[in-house]
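Reader: I should like to go through this model by question and answer. Please show the sequence and the structure before we begin.

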Amino acid sequence: MKYALGPVLYYWPKTEVEAFYQQVASSSAEIVYLGESVCTKRRELKVADWLALAQEIAKSGKQVVISTLALLQAPSELNELKRYVENGEFLIEANDLGTVNMAADRGLPFVAGHALNCYNAYTLRLLHKQGMMRWCMPVELSRDWLIALLQQCEELGFRQQFEVEVLSYGHLPLAYSARCFTARSENRGKDECKTCCIKYPQGRIVNSQENQQVFVLNGIQTMSGYCYNLGNELASMQGLVDIVRLSPQGLETLALIDSFRANEQGTQPLALTDHAECNGYWRRVAGLELVQ
């Protein structure tokens, strides 16, 4: 299996993003996703900055993929998206069907991001015909679902024509909205948000009345309250999953890639924490559960 570092989903200052990716270049990840995939108002880095970072990281021998927005809402965003799709050098991760169409019109391959919510083989076959070369499984699907889906792909005759990637670490992106929940939590409207999400480098925690950490707010994105961690499920991915994705929570995520790699056969299990980490979706139980 290969290991991928997903895009930074939170809003970090430009200096912190650049410092993070300097460390990424020497990490053991084979694939690096970067770019703004959550909110177009997050402009610490512009298109040229992201592409310059991509070129620097590519020098270390890693495959670089440019992640795109999951929710397109304005013509200006389409113009920016066109610049990413037509960058001429790097693969694109499509998180919106508009991106799929733009790449397909130009005959360009793409990664189908988990935000596309592709749940069946017929949808995957259609995307593959449009240029999909890698599929990121929706975050709430289980191993059992993946087995059944890949069997359907085998029956349709195209299973070996795309890679399978599974988000295996990080707070899971569960939903997107045209509204900004972080702004609302500060009694601001979205248009007057002042990009307040930059004050929450790992999102803003939401507890239930029973004081359970059920969600993390990240701008227009609602994430799982517990951190998803499939570090002890890697042996069960053998033969099913080609790429294991870790979503950056900070520099510590880079060291975690090595811990995952060392436990591929289940011989060096990770110590997971109840009420902080979960693996329920993969095990086909409630998402916030941790099955040891």
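Reader: Which residues do ring pairs link into a cluster?

Author: This is a predicted model, in which local features need pLDDT of at least 70, side-chain atom pairs count only at pLDDT 80 or more, and totals for chains, interfaces and linings use all residues. Residues are numbered from 1 along each chain as its sequence is written, and side-chain values use heavy atoms, with hydrogens and water left out. Rings of Phe, Tyr and Trp (its six-membered ring) pair if their centres lie within 6.5 Å; planes under 30 degrees apart count as stacked, over 60 as edge-to-face and the rest as tilted. The cluster linked by such pairs consists of Trp 12, Phe 20, Tyr 21 and Trp 50.

Reader: How many aromatic pairs are there, and what is the angle between the planes of Phe 20 and Tyr 21?

Author: The ring rule gives a count of 6 aromatic pairs. One of them joins Phe 20 to Tyr 21, edge-to-face, with 5.2 Å centre to centre and an angle between the planes of 80°.

Reader: Why do the buried residues of helix H1 lie on the same side of H1?

Author: Helices (H or I, at least four residues) and strands (E, at least two) are DSSP runs, numbered from the N terminus. Buried means under 20% relative accessible area, exposed over 50%, and partly exposed in between (1.4 Å probe, protein chains only). In H1 (residues 14-24), Val 17, Phe 20, Tyr 21 and Val 24 are buried. They lie on the same side of H1 because, judged by the directions from the helix axis to the C-beta atoms, they cover an arc of only 95°.

Reader: Which residues are exposed on the other side of H1, and against which elements do the buried residues of H1 pack?

Author: The other side of H1 carries the exposed residues Thr 15 and Gln 22. Counting contact as heavy atoms within 4.5 Å, the buried residues of H1 pack against E1, strand E2 (31-34), helix H2 (47-58) and H8.

Reader: Which parts of the chain does the pair of Tyr 119 and Trp 145 link?

Author: Tyr 119 and Trp 145 form an edge-to-face pair, 6.4 Å centre to centre with 70° between the planes. Tyr 119 is partly exposed at a relative accessible area of 29%, and Trp 145 is partly exposed at 42%. The two residues are 26 apart, and the distant parts that they link are the loop between E5 and H5, for Tyr 119, and helix H6 (residues 143-156), for Trp 145.

Reader: Which residue in E13 stands opposite Glu 165?

Author: Two strands pair if DSSP finds at least two bridges between them. E13 (residues 243-246) pairs in the parallel sense with strand E1 (residues 2-5) over 4 bridges, where Tyr 3 stands opposite Val 244. Strand E7 (residues 163-170) also runs parallel to E13, joined to it by 4 bridges. In E13, the residue opposite Glu 165 is Ile 243.

Reader: Which residues of E13 point the other way from Ile 243 and Arg 245, and are they buried or exposed?

Author: Ile 243 and Arg 245 point one way from the strand and are buried. Pointing the other way are Val 244 and Leu 246, which are likewise buried.

Reader: Why is the sulfur of Cys 193 not in a bond with that of Cys 180?

Author: A disulfide is a covalent bond between the sulfur atoms of two cysteines; here it is counted as a pair of cysteine sulfur atoms within 2.5 Å. The whole structure contains 0 disulfides by this search. Cys 180 is in none, its nearest cysteine sulfur being that of Cys 193. Seen from Cys 193, the sulfur of Cys 180 is the closest, but it is too far for a bond because the distance is 5.6 Å.

Reader: How far is the backbone oxygen of Glu 93 from a polar atom of the side chain of Thr 68?

Author: Thr 68 lies in the loop between strand E3 (63-67) and helix H3 (75-85), and it counts as buried because its relative accessibility is 2%. Leaving aside neighbours within four places in sequence, its contacts include Glu 36, Tyr 84 and Glu 93. From a polar atom of the Thr 68 side chain to the backbone oxygen of Glu 93, the distance is 2.8 Å.

Reader: What is the phi of His 275?

Author: His 275 is placed in the loop between helix H8 (252-262) and strand E14 (277-278), and it is exposed, with a relative accessible area of 67%. Although His 275 is not a glycine, its phi is positive, at about 65°.

Key. Polar contact = N/O pair within 3.5 Å; in protein donor to acceptor, adjacent residues only side chain to side chain.
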